[in-house]
Amino acid sequence: MVIEDIESFWVDKRAYNDAERQFYEGISKSSRPTTEPNRVVGTVAAAATKKAKNRKAMTENQHQQDKNFLYLNPLTLEANFFLETLEAVSNKSQVQLDPQLTNLLERIVVGIEKYLDKKPTYIMSNGVAQQLSNKQSNAKSGGGVGVAFVPPNDLLKIRRTFSCTGCSHRILGTTIANAVTHLVEQHPNPHPNGHNPTVNQNDASNVQRPTHTTKQEGRRAEEKARSIMTQQLPKKAKGLVLGNVANFFKDKYQVADKLKVIPVYFDIEQDLCKLIAPIFPTKSVRIYRFGSRITGIGTSSSDLDVFVDIGNSFYIFENRASNETLAKLKMLRTAFCASNEWRIINVVEQARVPIIKTRHLASGIECDICLNSLGFCNTNLLKYIFETLPLAQYMCIYAKTWLERCKLTEQISNYSMALMVIYFLQVKQQLPSVAQLQNELSASAKQLVGPWIANFVQKKLDDVGVQRVDVTTQVIREHLRELFEFYATFDFERQMICPYFGKKYTLISKILKDMPKRYVNYAIQNPNSGLQLSKPMVVQDPIQLNHNVTKAVTKYGLQTFVVFCTQTAALLAEPAPN
């Protein structure tokens with residue numbers, strides 16, 4: 001979009017000015033306060049003048065007025081931003097307006113139209129709306145309602161970062177002037193003394209950057225820009241790595257170990273049974289605890305995961321929740337909402353495993369209620385590994401905290417990170433593979449949840465041919481350094497993390513040939529429910545073999561994880577603090 005003369009931009013300027021006049025007349029006729037600090041500023045008053053000079057003067061005047069003025073949100077925020085950008089761009093010649101700004105203008109217009117569709121009688125602040133609410137409730141005409149206003153200081157807290165799509169999303173700063181200057185100067189080379197990765201240095205002024213007309217091209221440019229950007233390990237994560245490992249575990253390990261079994265868990269189970277049993281009078285109800293608290297890597301703020309077995313459903317497998325399961329979940333939600341001992345936080349019905357997030361008011365512990373038993377089976381596996389090799393528990397506690405401080409938990413779960421630690425120890429031949437533990441089960445001893453073997457033999461490390469490792473501060477630190485080095489150089493494009501086989505160089509291209517027969521049969525019967533191998537990161541669940549626990553990880557998330565692993569390994573290679 002090429003910027004035209006400012007006088008010809010508003011095609012329906014006369015109607016716009018009439019609307020503004022009616023707006024101020026409506027305010028003057030209402031009970032608007034006469035004191036200056038409470039005067040209401042219109043949504044787009046700065047755009048109502050006939051000439052650019054007058055509009056600019058009004059804008060400058062508004063910034064100098066009392067800070068207690070109220071602004072309409074979000075229309076004022078977007079309208080002012082667009083008008084300021086339009087003014088900055090219009091001062092330069094032969095500059096194209098970013099398509100994103102045109103979309104912003106469309107949002108402003110649509111927002112105004114939607115509000116006007118409500119037929120409001122006036123726009124007023126919250127205080128005025130409260131004064132007139134009683135009068136409006138008695139009026140038969142049913143006039144419009146007031147809208148929310150916010151102080152200017154709240155709007156100023158919202159920062160915008162400008163980036164150029166033509167320069168692979170190069171960040172230009174936080175002001176409109178910087179972005180306009182960059183466009184006028186025709187994308188100056190950010191590295192005048194070096195090599196420009198996009199355009200030859202000699203031809204930078206003559207070559208026009210391509211615009212990304214499709215979403216795929218835009219994504220590629222964004223990924224390329226992100227790969228070029230230097231990512232630094234967050235300060236909190238760096239502080240964890242540079243800190244004393246012994247002092248870290250002095251508190252963390254004791255808390256995590258005590259949280260495995262505390263008396264309040266039994267109170268929660270009793271309250272759950274008391275709540276759920278009357279809803280299903282003809283079915284048995286059993287409660288199973290699982291998750292990070294039970295495995296021994298949790299914290300006092302961790303949720304308590306609970307599997308509720310209603311009507312002996314432990315051995316029933318559902319890759320996606322059935323209608324019957326969702327119906328049970330809705331009945332539970334109704335019961336939790338009506339209870340005085342529980343408080344509903346959220347209900348996640350569209351997830352692979354639907355859950356109800358609730359708080360037990362007597363203990364203050366948040367609980368995730370689900371109807372899927374495989375989480376409990378996974379917890380049994382982790383508990384066995386941590387009890388057999390305490391080094392794994394220490395490493396998982398550290399990796400869990402590191403993941404949180406790196407702000408990566410939205411894509412990589414604590415369970416996924418625990419599996420990555422276990423796989424690393426399997427590659428070092430310090431833990432047996434899950435396949436080895438399950439193959440030693442007799443046919444009658446195998447417990448199947450659908451097609452998946454949910455149990456395993458629980459032997460000591462010496463009995464499975466694995467040498468035990470003593471836990472010392474030096475050993476933990478050295479293993480952590482090797483862990484981060486391992487994943488900093490891991491070939492995620494061709495290899496996968498597979499605790500089931502537990503061997504090095506598990507190739508994605510060959511994994512389906514090595515899978516057990518139960519997986520092959522399930523994949524044939526359910527072609528859309530196979531293991532998702534096309535994702536940037538593949539970490540296979542060792543029990544539910546068709547589940548990639550890191551399927552939500554994006555390319556950028558994986559890249560960030562690898563960069564942070566590289567920096568963490570380098571820091572751990574330095575001499576340990578006293």
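In the predicted model, the buried residues of helix H9 pack against helix H10 (245–258), H15, H18 and helix H21 (555–572). These buried residues of H9, a helix that spans residues 235–242, are Ala237, Leu240 and Val241. Viewed down the axis of H9, they fall within an arc of 95°, so that they line one face of the helix. Lys235 and Lys236, by contrast, lie on the other side of H9 and are exposed.

The loop that joins H9 to H10 contains Gly243. With a relative accessibility of 21%, Gly243 counts as partly exposed, because the buried class is reserved for values under 20%. Although Gly243 and Ala576 are separated by 333 residues in sequence, their C-alpha atoms are 8.3 Å apart in space.

Two of the helices against which the buried residues of H9 pack, H15 and H18, also meet each other through a contact of their own. The axes of H15 (residues 390–405) and H18 (residues 473–488) come within 10 Å and cross at roughly 60°, and the two helices are therefore oblique to each other. The handedness of this crossing of H15 and H18 is right-handed. On the side of H15 the contact is made by Leu391, Tyr394, Met395, Tyr398 and Trp402, while H18 contributes Val475, Ile476, His479, Leu480, Leu483 and Phe484. Sorted by class, the residues in the contact of H15 with H18 comprise ten nonpolar and one polar, with no charged residues. The polar member is His479 of H18, since histidine is not among the residue types that count as nonpolar or charged.

A second helix pair is formed by H14 (residues 374–388) and H16, which pack at an angle of about 45° with their axes 12 Å apart. H14 and H16 are therefore likewise described as oblique to each other, but the crossing in which H14 passes H16 is left-handed, whereas that of H15 and H18 is right-handed. In this contact, Asn378, Leu382 and Ile385 of H14 meet Tyr415, Ala418 and Ile422 of H16. The residues of the contact between H14 and H16 divide into five nonpolar and one polar, and no charged residue is present.

The loops that flank H16 each hold a residue with a positive phi that is not a glycine. Lys407, in the loop between H15 and H16 (414–427), has a positive phi of about 60° although it is not a glycine. At a relative accessibility of 72%, Lys407 counts as exposed, because this value is over the 50% cut-off. Gln429, in turn, lies in the loop between H16 and helix H17 (434–439), and its phi is near 60°, again a positive value in a residue other than glycine. The relative accessibility of Gln429 is 64%, and this residue therefore also counts as exposed.

For the chain as a whole, the model contains 21 helices and eleven strands. Of the 578 residues of the chain, 44% count as buried. Among the contacts in the chain with a separation of 6 or more, 65% are accounted for by residues 24 or more positions apart.

Note on methods:
Residues numbered from 1 in each chain as written. Predicted model: local features only at pLDDT ≥ 70, side-chain atom pairs only at ≥ 80, totals over all residues. Heavy atoms only, no water. Axes fitted to C-alpha atoms, helices over the stretch in contact; angles between N-to-C directions. Helix = DSSP H or I, 4+ residues; strand = E, 2+ residues; numbered from the N terminus. Parallel < 35°, antiparallel > 145°, perpendicular 65-115°, else oblique. Left-handed = near helix turned anticlockwise from the far one by under 90°. Contact = heavy atoms within 4.5 Å. Buried < 20%, exposed > 50% of the residue type's maximum accessible area, 1.4 Å probe, protein only. Arc of directions from axis to C-beta.
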